[in-house]
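Please work through the following exercises with the sequence and the model side by side, trying each task before reading its solution.

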Amino acid sequence: MTEGLIHSLESCGTVDGPGIRFVIFTQGCPLRCLYCHNPDCRHPEDGKKVTSEELITEIKKYRSYFQYSGGGVTVTGGEPLMQPEFVKAIFEECHKIGIHTVLDTSGYVTLDAAKPVLEHTDLVLLDIKSFNPDTYRTVTSVSLEPTLKFARYLAEINKPTWIRFVLVPGLTDAEDNVLGLAKFVSQLKNVEKVEVLPFHKMGEYKWEQLGFDYQLKNTEPPSQELMNKVINTFKNYNLVVQ
Ligand code: SF4
């Protein structure tokens, strides 16, 4: 039994991996993404304590949904790999009972922390928030290199991976940024698809409630034209895009 800190649970999620999923939002994140829709996930100490055993009891109730839809369990955050032992314990138990596991991460972690978790992970959703290191730092407040190192390691062990990229007009949409990312990802043979996610402001109210300064107030979601342009850039590198 391993204890961890979570923000919340979602019993029937459909956007974080295949099928219907039990989604665990862990508490704590070392990044400070300008568009974060869960800014209340930042600090581990604000989380709710649960044990992996309690979660597995809850997860088991949804097995028929997973079987019917090809779903399973997703751990996201926050940054799940801030609590590697906790996530490993959840995934290990899931595998014992035949439940598919997805890890959603920024990749801003050490490989030593991630490796034991990856042994019990079926699919990784890796968020690469920018390919230009300066833009990456502007978006996240941290450096890009650990994420690229993590991406290369996933390729080395041939771990099925979906890449996620949030398109923010005036921030991550520069042509050389998108081209660079597409080229990099196309070299990773483990990547099954790329998800281009349009920036939205659904989390803005949480920033206000927390008294944080939301710097993207005047940024609009990308137009369909810009979305298509970026999607086509990835497709031109023979990547499957959603
Ligand atoms: S990695 Fe996710 S949870 Fe962390 S700050 Fe960025 S968007 Fe928010």
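The exercises below treat the sheet, the ligand site and the backbone.

The model is predicted, so local features need pLDDT of at least 70 and side-chain atom pairs count only at pLDDT 80 or more, while totals for chains, interfaces and linings use all residues. Residues are numbered from 1 along each chain as its sequence is written, and side-chain values use heavy atoms, with hydrogens and water left out.

**Exercise 1.** Trace the order of the strands in the sheet and identify its edges.

Solution. Begin with the strands, which are DSSP runs of E of at least two residues, numbered from the N terminus (helices are runs of H or I of at least four). Two strands pair if DSSP finds at least two bridges between them. On this basis eight strands form an open sheet of mixed pairing, in the order 3-1-2-4-5-6-7-8. Strand 3 (48-51) and strand 8 (191-198) are the edge strands, each pairing on one side only. Next, look at strand 1 (residues 3-13), which runs antiparallel to strand 3 and is joined to it by four bridges; Gly4 has Val50 in strand 3 as its bridge partner.

**Exercise 2.** List the residues around the ligand and sort them by class.

Solution. Taking residues with a heavy atom within 4 Å of the ligand, one finds Cys29, Leu31, Cys33, Cys36, Gly78 and Lys129. The shell has four nonpolar, one polar and one charged residues, where Ala, Val, Leu, Ile, Met, Phe, Trp, Tyr, Cys and Pro count as nonpolar, Asp, Glu, Lys and Arg as charged, and the others, Gly among them, as polar.

**Exercise 3.** Locate the cis peptide bond and the positive phi outside glycine.

Solution. Most residues other than glycine have a negative phi, and most peptide bonds are trans. Here a cis peptide bond, with omega about 10°, joins Gly77 and Gly78, and Gly78 lies in the loop between strand 4 (72-76) and helix 3 (84-96). Asn158 has a positive phi, near 55°, and lies in the loop between helix 6 (145-156) and strand 7.
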